[in-house]
Amino acid sequence: GHGTIKLYEPLSKHTTMRVGGPAQFWAEPETEEAFARLVRFCTLNEIPLFVMGRGSNLLVRDGGIRGVVVHLARGEFKTIEVKDGKIQAGVGVKQKELAYAARDAEIGGFEWLEGIPGNIGGALRMNAGAMGGETFRQVVSVRFVDPHGNFHMKTPAEMDVRYRHCGTLEKNFAVSATFVGHPGNAEEIEKLLEASTHKRRTSQPRESSAGCIFKNPEQCPAGKLVDELGLKGTRVGGAKVSEVHGNFIVNDGGATAADVLAVIDKVKEVALRERGIQLETEVQI
Ligand code: EPU
């Protein structure tokens, strides 16, 4: 149940951007109870605790992360179950696995999750969205652990949900959620899945990245802005603004977190100077 603990686990191995220093302690609990105990222990002893999902929307600094980094991707956290047209999934389930489970059960509305590299926990934590879909629009309830290790269940209306934001999950830790879609048929769903794959393959880069770097500001999509400002290809070390999509920074192999942060700063500076737009990062740093 306690799972494994490792020392100085390199987080570049666990982030899609492939940068970042080590975790002081890397824990992979296998049960919700073991995780709740760990949360409680860390709170009582003032040990920093950071829950990391698939690391797909995360920029870890080169110095690494002090304290315990918890990876919820084993045992109970990987369960997924379809019941009465609803899907219950642990936070360690990949978003694309949810999309495929929905297709198999002929439940529509989950197709947009197909191309997202993250897991359910990450999708909930930041109310992830793509292709017109948004995580919390399909959530019925979320089960989570508070900092004292107690379990709770809430509906989206009780969770301070906004664009790429969930207030409740800033200080609490989701362990599972129940989702709804609408009745669909396998053929229709398959078509939507393919359309989503196609859009992603043709409009987004394939190199290592953390997905979109900036939130879309009110004025216009961040990628379009970066494009119009002529910033595609802007490079520091091994990190550069993608030539395919302006809101992606890609790692061409040798990037450090400092390189990525320097590219972010450059883009922000130009957007502010030229357009008066204050870009905000969408990736967690
Ligand atoms: N555009 C450009 N140049 C570029 C990039 C985009 O002109 O270099 C234009 C596009 O032609 C389009 C508009 O900007 O007219 C918007 O682009 P896109 O359709 O790619 O959507 P986006 O707003 O840039 C959002 C999400 C993505 C998600 C896509 C797909 C945000 C910040 N991003 O991107 O999410 O995959 O929609 O629907 O909301 C992510 O969250 O990590 C992410 C990549």
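Trainee: How do you know how far apart domain 2 and domain 3 lie?

Mentor: In this predicted model, take the centres over C-alpha atoms: those of domain 2 and domain 3 are 28 Å apart. The chain is assigned domain 1 (4–75), domain 2 (79–187) and domain 3 (206–275).

Trainee: Which domains each give at least three residues to the shell around the ligand?

Mentor: Domain 2 and domain 3 each do. How many residues surround the ligand is also known: 21, with Met 131, Gln 204, Cys 212, Asn 216 and Asp 227 the closest.

Trainee: What makes a residue count as part of that shell?

Mentor: One of its heavy atoms has to lie within 4 Å of the ligand. Gln 204 has a polar side-chain atom 2.8 Å from an oxygen atom of the ligand, so Gln 204 qualifies under the 4 Å limit.

Trainee: And why is the pair at Lys 232 called a polar contact?

Mentor: A polar contact needs N or O atoms within 3.5 Å. For Lys 232, a polar side-chain atom sits 2.9 Å from an oxygen atom of the ligand, so the pair meets the cut-off. Asn 216 also places a polar side-chain atom by a ligand oxygen, at 2.8 Å. As for cover, the protein buries 73% of the 820 Å² that the ligand exposes when taken alone.

Trainee: Which element supplies the largest share of the shell?

Mentor: That is helix 5, with three residues. Helix 5 (222–228), strand 8 (129–130) and strand 16 (208–212) each bring at least two. Sorted by class, the shell has seven nonpolar, eight polar and six charged residues.

Trainee: Now the empty space. Why is the largest cavity called a cavity?

Mentor: The word applies because a 1.4 Å probe fits there but cannot get out. The largest cavity holds about 40 Å³ of space, and the structure has one cavity of 30 Å³ or more.

Trainee: What makes up the lining of the largest cavity, by class?

Mentor: Six nonpolar, two polar and no charged residues. Among them are Leu 98, Phe 110, Trp 112 and Phe 179, along with Thr 135 and Gln 138. Thr and Gln fall outside the nonpolar and charged lists, so Thr 135 and Gln 138 count as polar.

Trainee: How many charged residues line the second largest pocket?

Mentor: Five, together with five polar and one nonpolar. The lining includes Lys 13, Arg 18, Arg 54, Lys 78, Lys 94 and Ala 73. Ala is on the nonpolar list, so Ala 73 is the nonpolar one. The volume of this pocket is about 180 Å³.

Key
Residues numbered from 1 in each chain as written. Predicted model: local features only at pLDDT ≥ 70, side-chain atom pairs only at ≥ 80, totals over all residues. Heavy atoms only, no water. 1 Å grid on protein atoms, 1.4 Å probe; cavity = no way out; pocket = protein on both sides within 12 Å on 5 of 7 lines; lining within 4 Å. Points joined across faces, edges and corners; volume = space filled by probe spheres on them. Polar contact = N/O pair within 3.5 Å; in protein donor to acceptor, adjacent residues only side chain to side chain. Areas by Shrake-Rupley, 256 points an atom, 1.4 Å probe, with all protein chains shown as cover. Helix = DSSP H or I, 4+ residues; strand = E, 2+ residues; numbered from the N terminus. Domains from an automatic or database assignment.
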